[in-house]
Amino acid sequence: MRFRTQRKHMIDFLFSVALFFVFALSALIVILLAARIYQSTTENSSLNYTSRTSLSYISEKIHQNDRNGTVYLGNFDGYDALVMEQDLEDTVYYTYIYACDNELKELFTSGNSSIKASSGQTIMEIEDFSMEQISDDLLKFSCTDQNSQQASTMISIRSR
C-alpha cells in the first residue's frame with residue numbers, strides 16, 4: 001500500500017488570496033455606497049427641516065387655540081398674520097404669527113397694547129411665507145426656507 005502525499009501548488013495559495021481580495025473589495029464598495037446614501041439622506045433631511053418645521057409649528061398652534069372663531073387671518077402692524085385670540089382673566093390676548101424681515105415671528109400681547117412687528121420672537125429664518133383663506137374653515141400656508149425649499153399645508157379649523 002502506497003500513501004500519496006499531496007503536494008501544494010501555488011494556484012491553491014493564489015486562489016485563497018484572490019478570494020480574500022474579492023471579498024475585501026466587495027465589502028469596501030458596500031461601505032462606500034452606504035456612506036453616499038446616508039450623506040444624501042441627511043442633506044435632504046436638513047434641507048426640508050426649516051420649511052416643514054415652520055408649518056408643523058403653525059399647525060400645532062392652530063389646533064391648540066381652535067375655539068369658537070378665535071383663529072383667523074388678519075393684519076398686524078402692516079403684515080399679514082395668523083391671529084389667535086385668548087380670553088384670560090377678563091382680558092383678551094392675541095398671538096400673532098407673521099413673516100417680517102425674512103423671519104417667521106410670533107408675538108403674544110394683550111389687546112390694548114401697541115407693539116411693533118419687529119418685537120416678535122423669531123421662530124426661524126425663512127425666505128418667503130404666505131397664508132390664504134381657502135374657505136371659512138380651511139387655511140393654506142406656504143413657506144420657502146433659506147435654501148429655496150418650498151412646503152405648503154392646508155389646515156382645517158374645526159370650531160367653525
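Is Phe76 buried or exposed, and at what relative accessibility? At 8% relative accessibility, Phe76 counts as buried, where buried means under 20% relative accessible area, exposed over 50% and partly exposed in between, with a 1.4 Å probe and protein chains only. The legends below start with the whole chain and come back to this residue later. Everything shown is a predicted model, in which local features need pLDDT of at least 70 and side-chain atom pairs count only at pLDDT 80 or more, while totals for chains, interfaces and linings use all residues. Residues are numbered from 1 along each chain as its sequence is written, and side-chain values use heavy atoms, with hydrogens and water left out.

**View 1. The whole chain: one helix and eight strands.** Along the sequence the pattern reads α-β-β-β-β-β-β-β-β; helices (H or I, at least four residues) and strands (E, at least two) are DSSP runs numbered from the N terminus. The C-alpha atoms fill a box of roughly 110 × 30 × 30 Å along the principal axes. The radius of gyration of the chain is 30 Å, whereas a compact globule of 160 residues would have one near 15 Å; the radius is taken over C-alpha atoms, and the globule rule is 2.2 Å times the number of residues to the power 0.38. Of the 160 residues, 28% count as buried. The accessible surface comes to about 11,400 Å², with 52% of it belonging to carbon and sulfur atoms; areas come from the Shrake-Rupley method with a 1.4 Å probe, and for residues only the protein chains shown count as cover.

**View 2. The five-stranded sheet, with the order E1-E2-E3-E4-E5.** This open sheet has antiparallel pairing, and two strands pair if DSSP finds at least two bridges between them. At its edges are E1 (71–76) and E5 (121–125), each pairing on one side only. Neighbouring strands are turned by 30° against each other on average, direction ignored; axes are lines fitted to C-alpha atoms, for helices over the stretch in contact, and angles run from 0 to 180 degrees between N-to-C directions. E1 and E2 pair over six bridges, and E2 and E3 over eight. Leu82 is a handy residue to centre on: it is the bridge partner of Leu73 and has Ile97 as its bridge partner in E3.

**View 3. Two hairpin turns with positive phi angles.** E1 and E2 form a hairpin with two residues between them, and Asp77 in the turn has a positive phi of about 50°. The hairpin of E2 and E3 also has two residues between the strands, and here Glu89 takes a positive phi near 50° although Glu89 is not a glycine. Asp90 lies in the loop between E2 and E3 and has a positive phi of about 65°, again without being a glycine. Glu89 is exposed, with a relative accessible area of 77%, and Asp90 is exposed at 78%.

**View 4. Phe76 and its surroundings in strand E1.** Leaving aside neighbours within four places in sequence, Phe76 is in contact with Ala81, Tyr96, Tyr98, Leu107, Ile115, Lys116 and Ala117; contact means heavy atoms within 4.5 Å. Zoom out to find Ala35, which is 41 residues from Phe76 in sequence and 48 Å away in space, C-alpha to C-alpha.

**View 5. The largest nonpolar core, with 18 residues.** A nonpolar core is a set of buried Ala, Val, Leu, Ile, Met, Phe, Trp, Tyr and Cys residues joined through side-chain atoms within 4.5 Å. Those with the most contacts inside this one are Ile58, Ile62, Leu82, Phe129 and Phe141. Two or more residues each come from helix H1 (10–65) and strands E2 (79–88), E6 (128–135), E7 (138–144) and E8 (150–156). Ile58 touches Leu82, Ile97, Leu104, Phe129, Phe141 and Ile155, not counting residues up to four places away in sequence. A second, separate core has nine residues, including Tyr94, Tyr96, Cys100 and Ala117.

**View 6. The three-stranded sheet, with the order E6-E7-E8.** This sheet is open, with antiparallel pairing. E6 and E8 stand at the edges with a single partner strand each, so one side of each is left without a neighbour in the sheet. Neighbouring strands are turned by 15° against each other on average, direction ignored. E6 and E7 pair over seven bridges, and Ser130 stands opposite Ser142 in E7.
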